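Here is my notebook from a first look around. I jotted things down in the order I looked them up, so feel free to follow along.

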Amino acid sequence: MLHEVTERRERTRVGRLGELYLRYADDATRLAYLLTGDRALAEDLVQDAFVRLAGRLAHLRDEGAFEAYLRRTVVNLSRSYFRRRKVERSYLQRHPPAGPSAEAAPIAQLGDRDALWRALAGLPQRQRAALVLRFYEDLSERQIADVLRCPIGTVKSLVSRGLSTLRTRMDGEER
């Protein structure tokens with residue numbers, strides 16, 4: 001009897017997670033792509049976000065809150081990824097690998113993408129996140145502040161500085 005109850009709960013939880021995945025995964029993947037510029041990485045981040053949230057579904061009272069929670073998780077995971085990558089690069093600069101592999105492994109280049117994407121990708125991660133959340137996700141300053149866990153004034157500053165930098169870089173591309 002106890003086994004049947006546990007099994008029924010598990011089926012319900014997996015079903016609910018599957019429904020949430022079908023409903024929100026595409027939007028979360030687009031958000032992650034805009035934050036990272038890498039489709040495969042974006043998909044990995046979204047998968048990680050759903051794995052992290054799977055254990056918390058039982059505590060979710062308002063299903064409408066799931067989207068905001070997922071968005072925050074994706075932004076935090078992308079931040080963690082870039083932080084980890086920065087630490088790895090710093091370590092490799094201090095301790096370059098021995099042998100010819102150091103020369104044979106150039107840093108990945110952006111390639112031929114349009115000027116706006118290059119400028120956006122060149123922004124600091126928090127500015128890029130604020131701009132993506134504001135203009136792509138169409139979130140209010142309050143919602144962005146909740147996602148980034150910072151004051152509204154910081155959001156305004158991030159958006160303002162990000163837009164200023166984009167304008168400057170785009171003017172430079174046109175010349």
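Where is the place of D138? I found D138 in the loop between α6 (125–136) and α7 (141–148). I kept in mind that this is a predicted model.

**Entry on D138.** I looked up the backbone next: D138 has a positive phi of about 55 degrees, although D138 is not a glycine. Then I checked whether D138 is buried or exposed. D138 counts as exposed because its relative accessibility is 59%, and the cut-off for exposed is over 50%.

**Entry on R149.** I moved on to the loop between α7 and α8 (152–174), where R149 sits. R149 is not a glycine either, yet its phi is positive, at about 55 degrees. With 60% relative accessibility, R149 counts as exposed.

**Entry on charge.** Which residues form a positive surface patch? I noted R52, R56, R83 and R84. I picked R56 for a further look and found it in the loop between α2 (39–54) and α3 (65–94). R56 has 42% relative accessibility, so R56 counts as partly exposed; that label covers values between 20% and 50%.

**Entry on T168.** My last stop was helix α8, which holds T168. T168 counts as exposed, since its relative accessibility is 54%. I also looked at its contacts: a polar atom of the T168 side chain lies 3.0 Å from the backbone oxygen of S164. Finally, I looked up A119, which is 49 residues from T168 along the chain. The C-alpha atoms of T168 and A119 are separated by 9.2 Å.

Key. Residues are numbered from 1 along each chain as its sequence is written. This is a predicted model: local features need pLDDT of at least 70, side-chain atom pairs count only at pLDDT 80 or more; totals for chains, interfaces and linings use all residues. Side-chain values use heavy atoms; hydrogens and water are left out. Helices (H or I, at least four residues) and strands (E, at least two) are DSSP runs, numbered from the N terminus. Buried means under 20% relative accessible area, exposed over 50%, partly exposed in between (1.4 Å probe, protein chains only). Patches are made of residues with over 30% relative accessible area and no salt bridge: like charges are joined within 9 Å, nonpolar side chains (Val, Leu, Ile, Met, Phe, Trp, Tyr) within 5 Å. Accessible areas come from the Shrake-Rupley method with a 1.4 Å probe; for residues, only the protein chains shown count as cover. A salt bridge is a side-chain nitrogen of Lys or Arg within 4 Å of a carboxyl oxygen of Asp or Glu. Lys and Arg count as positive and Asp and Glu as negative; His and the chain ends are not counted. The place of a charge is taken as NZ of Lys, CZ of Arg, CG of Asp or CD of Glu. A polar contact is a pair of N or O atoms within 3.5 Å; within protein, one must be able to donate a hydrogen and the other to accept it, and residues adjacent in sequence count only if both atoms are side-chain atoms.
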